[in-house]
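Please open the structure in a viewer and keep the sequence at hand. The tour proceeds by selection, one site after another.

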Amino acid sequence: MSESTNVAIACQGGGSHTAFTAGVLEHLFENWDDEYELVGISGTSGGAFNALAAWYGLVTDSADAAADIVTNIWDDIAADGYTEEAANNWLKLLNRYQSAGMPFPQFSPYQTPGSELGKERIREVLETHIDFDAIPEHCRPERPDLVVGTVDINAGVFETFTNDDVTVEAVLASAAVPNLFEAVELHGHYHWDGLFSQNPPISDLMHQPPERKPDELWVIQINLQELEGEPTSLAEIGDRRNELSGNISLNQELRFIERVNDWVEAGKLPSDEFRHTEIHRIEMGRRYHCSTKLDRDPEFLAELIDLGREQAAAFLAGRDEA
């Protein structure tokens, strides 16, 4: 094993709730220990914003720059001004009523001009902080891999974009929620939100040369893993379905890593090609209504970022005590 500990970070998607991830990453990078070597970072949907921002700040400048960019992006995404605040409040209310089973007319994003305006707003924010044309020059073997998850809706398969294939269109594709945004065309086929795929991508983070394979995987998990009691109301049922659907692919990939770990320990895999990867989860640990995954209220996003900082601090403190 190398002198440093190889770490890969995977950022789960979850709309506005991934502002929590921004707070986690900000604290992690502000307190980054030279003992750790970041070998890869991945993300899906809002998690892709965070993974991209952290990666870009790190490879172009420093860990401190990564911490700054990842929260600055969310400052710009927040609803700003009367018009955006009014639209945000209406959308939040509409989603809450719909999740409670109240009938409302629904429209395809292809019928509403606001969907493309929203996508262009995200593009503008990303391009303000990220020079996408410069990404290829920063992709080098000794630097962390960047992975963004989407789903190919034509072939019905997962599709990831890695390193110099990460364009603004790829990130927009990862965040293209079907009932809000039009699909994004790339490479002759269409993509939807990565929440339908690897959420977040993990297997790509494992595809490293032997000396850079992760010793540890840090999963920043938005959707609650466990629930006490039985969901009974439509809102509770909808919330839990949302959480479970967001965790299915994550848990499948983590179980495979655990199986590989068992094979490594049993000597069934060559030690010069495979290594044991410890899995750590940094969980949000607080339940918010699923309708708030589209809430861009500045105070709400700030609350999530603060929660992320707190959970990251607890994670690091726990490692120090171990």
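The stops below cover the interior space, the surface and the charged pairs of this predicted model.

**The enclosed cavity**

Begin by selecting His17, Asn223, Glu243, Tyr288 and Lys293, which lie nearest the centre of the largest cavity. Altogether, 13 residues line this cavity, and its space amounts to about 80 Å³. A search of the whole structure finds one cavity of 30 Å³ or more. What is the character of the lining of the largest cavity? Five of the residues are nonpolar, three are polar and five are charged.

**The second largest pocket**

Next, select Met206, Phe256, Ile257, Val260 and Phe274, the residues nearest the centre of the second largest pocket. This pocket has a volume of about 290 Å³ and a lining of 14 residues. Which element contributes the largest share of that lining? Colour helix H8 to see the answer: H8 supplies five residues. Helix H7 (203-206) also supplies at least two. By class, the lining of the second largest pocket comprises seven nonpolar, four polar and three charged residues.

**Two loop positions**

Move to serine 271, in the loop between H8 and strand E8 (278-283). Serine 271 is classed as exposed because its relative accessibility is 68%, the cut-off being over 50%. Add proline 210 to the selection: the two residues are 61 apart in sequence, yet their C-alpha atoms are 9.0 Å apart in space.

Then select glutamine 225, which sits in the loop between strand E7 (216-221) and helix H8 (234-265). Its relative accessibility of 27% makes glutamine 225 partly exposed. A distance drawn from the C-alpha atom of glutamine 225 to that of arginine 121 spans 32 Å, with these positions 104 residues apart along the chain.

**A nonpolar surface patch**

Show the surface and select Ile153, Tyr190 and Trp192. Together these residues form a nonpolar patch with about 240 Å² of accessible area. Within the patch, tyrosine 190 belongs to strand E6 (residues 189-192) and, at 35% relative accessibility, is partly exposed.

**Salt bridges**

Side chains of opposite charge can pair when their charged atoms come close. The structure contains seven salt bridges; three of the pairs are visited here.

Select glutamate 216 and arginine 319 first. Their closest N and O atoms are 2.8 Å apart. This pair links distant parts of the chain, with glutamate 216 in strand E7 and arginine 319 in helix H9 (residues 298-321), 103 residues apart. Are these two residues buried or exposed? Both glutamate 216 and arginine 319 are buried.

Continue with arginine 286 and glutamate 303, whose side chains meet in a salt bridge at 3.6 Å, N to O. This pair also connects distant parts of the chain: arginine 286 lies in the loop between E8 and H9, and glutamate 303 lies in helix H9, 17 residues away. Arginine 286 is partly exposed at 35% relative accessible area, and glutamate 303 is likewise partly exposed at 35%.

Finish with aspartate 306 and arginine 309, which form a salt bridge with an N to O distance of 2.4 Å. Both residues lie in helix H9, three residues apart, about one turn of the helix. Aspartate 306 is partly exposed at 38%, as is arginine 309 at 29%. Add Glu26 to the selection to display a network of salt bridges that links Glu26, Asp306 and Arg309.

Note on methods: Residues are numbered from 1 along each chain as its sequence is written. This is a predicted model: local features need pLDDT of at least 70, side-chain atom pairs count only at pLDDT 80 or more; totals for chains, interfaces and linings use all residues. Side-chain values use heavy atoms; hydrogens and water are left out. On a 1 Å grid over the protein atoms alone, a cavity is a set of points where a 1.4 Å probe fits but cannot get out, and a pocket is an open set with protein on both sides within 12 Å along at least five of seven lines; lining residues have an atom within 4 Å of a point. Grid points are joined across faces, edges and corners, and a volume is the space filled by probe spheres set on the points. Ala, Val, Leu, Ile, Met, Phe, Trp, Tyr, Cys and Pro count as nonpolar, Asp, Glu, Lys and Arg as charged, and the others, Gly among them, as polar. Patches are made of residues with over 30% relative accessible area and no salt bridge: like charges are joined within 9 Å, nonpolar side chains (Val, Leu, Ile, Met, Phe, Trp, Tyr) within 5 Å. Accessible areas come from the Shrake-Rupley method with a 1.4 Å probe; for residues, only the protein chains shown count as cover. A salt bridge is a side-chain nitrogen of Lys or Arg within 4 Å of a carboxyl oxygen of Asp or Glu. Helices (H or I, at least four residues) and strands (E, at least two) are DSSP runs, numbered from the N terminus. Buried means under 20% relative accessible area, exposed over 50%, partly exposed in between (1.4 Å probe, protein chains only).
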